[in-house]
Amino acid sequence: MIAPTAPDQPDRTPHETRPLVLSLAGVTKRFGNLVANYAIDLDVRAGEIVALLGENGAGKTTLMSILFGHYVADEGTVHIADAAGRLAPLPGGSAEAALDAGIGMVHQHFTLAENLTGFENIVLGTVPLWRLGFGTAAARAKVARLMKESGLEADLDVPVGRLSVGEQQRIEILKALYRDVRVLILDEPTAVLTPQEADSLSATVKTLAGKGLAVIFISHKLHEVLALCERVVVLRGGAKVADRPAAGADRAMLAELMVGREIPARERTPSTLGAPVLRLVGVAVGAPGERDRLETADLELRGGEIIGIAGVSGNGQGSLAALVAGLKAARSGICEIAGYPATRTDPMTRIKAGVGRIPEDRHRDGTIGALSVAENHVLETVGSSENQRHGLLRRTAIRARAAQAIRDYDIRCPGPDAPIRALSGGNMQKVVLARVLERAPRLILAHQPTRGLDIGATTDVHRRLLAARGRGAGILLISEDLDELFALSDRIAVIHAGHLSPAMEVAGLDVRIVGLMMAGHTAEEDA
Amino acid sequence: MWAALEILTQANFWAATIRIATPLIFGVLGALLCERAGVLNLGIEGIFVAGAMSGWLAVYLGLPLWGGVLVAALVGALFGLIHGVLTVPLGLSQHVTGIGVTLLATSVAYFGYRVAFPNVATPPRIEPFSPLDLPMLRDLPFVGPILGQQTAFTVLAFASVAVLALVLACTPLGLAIRAVGDNPEAVEAQGLSVVGLRIGAVMAGSALMALGGAFLTLSAFNAFYFGMINGRGWVCIALTVFASWRPGKALVGALLFGALDAYQLRLQTITGGAVPSQIFLMLPYLFSIAALVLVARRADYPRALMKPYFKGQR
């Protein structure tokens, strides 16, 4: 482990001349016995871009929620500079006070009212409610000026529900800028963006910082953090373990600081290709005009390979996944699974044919919260003779096999009888993995298998998927995370507006081309 | 057959349409205001009863007619406060609470009536709103007789449509109400109070609902009877979906329902008992169901409708 930089010996850099805009001292927050933040000190200066790194549960969100008034700190102080630059204590527990003090936050899940236009979202709450109007002309002029200065372009006059995710995010940032913030907190801002959108966001952030805005950038994409930020603060287990300049840091070192141990490298060995396990010819799913429909897909996935499906979610991935899982039927075209035509909506037959499904939303589709770990573990095979006899569950056998899975997959839980909703996301996903992989499926549908998981759990999922590939399973990996796709896939196909591109060999594939294709350009015009 | 069409030419029919629609206009406006803020208010049926009873009683006890209207609105707002406190900060089930408010408000109204008039067989009468007598409108052909039968209370209903539409579309308050019914986090993040906005909207909406009830006792009839609301509140809940939560469409829906009701009444007299009258009574409700089947599938519900919001929890 690398020794953290002592926070009380800040680096002597020329930036120190810039005025302090935010100062946290000894902030501690407890939820019952859990210490979410412990004695955190953090200084942010005008024009500085500070990265806040940490795994899930490290305390990033809690800390920012204290800043933004969702929580009140149990101990410690938060000081923020007023317009004249004098530091004053920030009253806790009020979003209004935080906004008034000049703190703006762009949440990972946008806080936009989708039935309102972009302009309406921006001015919402900026005018006392008893007023009859907004002073629309002046407000419009101000938004126009902000858009020009920051380079943030968005359509202000359609309901934001109809805008792309990137545009919605630009509205969110404009919303903060409209309130003349001095500190802008961006929570995982690039998680939902294409690489091009992420680049343009980085440029915007740099522009804004150049004008004196202090930016706190929460992310777990280490290469972004290193490219954009000048200082990196790492939280682990609620405490600050590092506070250092980004220059001279590298990804491996930051990852180890976050996790607190060495990250084992993923091993991708060449594997032998088997028979096709999934073949799609001219497949369309979903009625015309339906959201997230699949227009055309041609694909052949063979045993022993991983094909990654890149794309911003909502471009047809949902229909593709539902087709493979047997939850939707193809409107036209041929769909063959393990050599047999799959024409009907029939998830059980798919399961029996050897399709293992890791669903996108493990809370909604992957597990049943009120049922126990053991019950969730046999959810798909409850009818088989090892789980029931004469219609009665074989509880002892089910529990014994769940206990085995808990050991094999290192699932941290009170035991096989614990309700699964009590488990953390990573451990819940391990139960889903155990359920899927135990049946040695020939085709694995992995839809966003690591969404919301921390580095440790993500590494584990990746290792297991690669092991399944080595065993000869074909894996369809649908993900928005390009790092993940490039690390795991043998070939990558891009999905945009319902059209699936041909699968391209990853060796020699440029991430920028995939990014452009995600935005709707074709491979040829950008090659 | 000709007689069935001739009904449409009678000024009397159109006047009845507006009269039947007026309480529904208030009710739908109230329901849509609550729902735009994210709160389903099934207390509407009981709030109608309470508004009808309290407005009428206030006038009977000596207040002027407009005083009765004000009392009804205040009583409605009070029941709205109960519903709002239970469903917004406490986050209780909006269905269960709403039914509870309906039972409570109905019972309180009936109880109050019995306490006030322990030994009365027929309810005492009041002098209701009299028809408007506008010199320039009176002499218009066709339209004159229709408008001549309406009271100032009906004018208030039509004015409410315009005011609510304007407030929702053009003012900071209306914007905040629309936002809080779609995404309360957005409202919270902009420094506004979700609880305050929602309770306020539910109170104002409930006051409108109570005006719908008061119209019946202060304008359409001149006394309070048990069972006089007769499901009008529930119709408003259905019409709210039909209206896609827009005041203008709410007016259209209420008038359409009023027209059907007025039409079936007249159709009954024409057929002269050849068809059971219950068939005709069903017509407006069949229309509501048919309209819901057609509209509700595509309905654009406020996204946060019936979803309790707790601060600091996402």
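## Close-ups of a predicted two-chain model

**View 1. Chain A, the whole fold.** Chain A carries 18 helices and 23 strands. With a radius of gyration of 25 Å, close to the 24 Å that the globule rule gives for 527 residues, chain A is as compact as a globular protein of that length. Keep in mind that everything shown here is a predicted model. If you need a box, the C-alpha trace of chain A spans about 75 × 50 × 50 Å along its principal axes. Of the 527 residues in chain A, 46% count as buried. Contacts reach well along the sequence, too: take the pairs in chain A that are at least 6 residues apart, and 69% of them link residues at least 24 apart.

**View 2. Strand β20 of chain A and its surroundings.** Strand β20 covers residues 474-479 of chain A, and six of its six residues are buried, so the strand is largely enclosed by the rest of the structure. Which residues sit on each face of β20(A)? One side has G474(A), L476(A) and I478(A), the other has I475(A), L477(A) and S479(A), and all of these are buried, leaving both faces covered.

**View 3. The parallel partners of β20(A).** Strand β13 (residues 306-310) of chain A runs parallel to β20(A), and five bridges join the two. One spot to zoom in on is A310(A), whose bridge partner in β20(A) is S479(A). Strand β19 (residues 443-447) of chain A is also parallel to β20(A), again through five bridges. Here L445(A) has L476(A) of β20(A) as its bridge partner. To get from β19(A) to β20(A), the chain passes through helix α15 (residues 455-471) of chain A, making a β-α-β crossover that is right-handed.

**View 4. A four-stranded antiparallel sheet in chain A.** Reading across this open sheet, the strand order is β2-β1-β4-β5 (chain A), and the pairing is antiparallel. Its edges are β2 (34-45) and β5 (87-89) of chain A, each of which pairs on one side only. Ignoring direction, neighbouring strands in the sheet are turned by 25° against each other on average. At the β5(A) edge, three bridges hold the antiparallel pairing with strand β4 (residues 75-81) of chain A. Among the residues to look for is I80(A), which has A88(A) in β5(A) as its bridge partner.

**View 5. Where chain A touches chain B.** How many residues does each chain put into the contact? Chain A supplies 22 residues and chain B supplies 20. On the chain A side, the elements giving two or more residues are α2 (95-100) and α3 (118-123) of chain A. The biggest giver is α2(A), with three residues. Sorted by character, the chain A side has eleven nonpolar, seven polar and four charged residues.

**View 6. Chain B, helices from end to end.** Chain B has 14 helices and zero strands. Its elements, followed from the N terminus, read α-α-α-α-α-α-α-α-α-α-α-α-α-α. The radius of gyration of chain B is 20 Å, close to the 20 Å from the globule rule for 314 residues, so chain B is as compact as a globular protein of that length. Its C-alpha atoms fill a box of roughly 65 × 50 × 45 Å along the principal axes. Buried residues account for 46% of the 314 in chain B. Of the contacts in chain B between residues at least 6 apart in sequence, 79% are between residues at least 24 apart.

Definitions and conventions: Residues are numbered from 1 along each chain as its sequence is written. Chains are lettered from A and ligands numbered from 1 in the order in which they are written. This is a predicted model: local features need pLDDT of at least 70, side-chain atom pairs count only at pLDDT 80 or more; totals for chains, interfaces and linings use all residues. Two strands pair if DSSP finds at least two bridges between them. Axes are lines fitted to C-alpha atoms, for helices over the stretch in contact, and angles run from 0 to 180 degrees between N-to-C directions. The radius of gyration is taken over C-alpha atoms; the globule rule is 2.2 Å times the number of residues to the power 0.38. A residue is buried if 20 or more other C-beta atoms lie within 10 Å of its own, exposed if 12 or fewer, and partly exposed in between; C-beta atoms are placed from the backbone. Two residues are in contact if their C-beta atoms, placed from the backbone, lie within 7 Å. Ala, Val, Leu, Ile, Met, Phe, Trp, Tyr, Cys and Pro count as nonpolar, Asp, Glu, Lys and Arg as charged, and the others, Gly among them, as polar. A crossover is right-handed if, with the strands pointing away from the viewer, the path from the first strand over the helix to the second runs clockwise.
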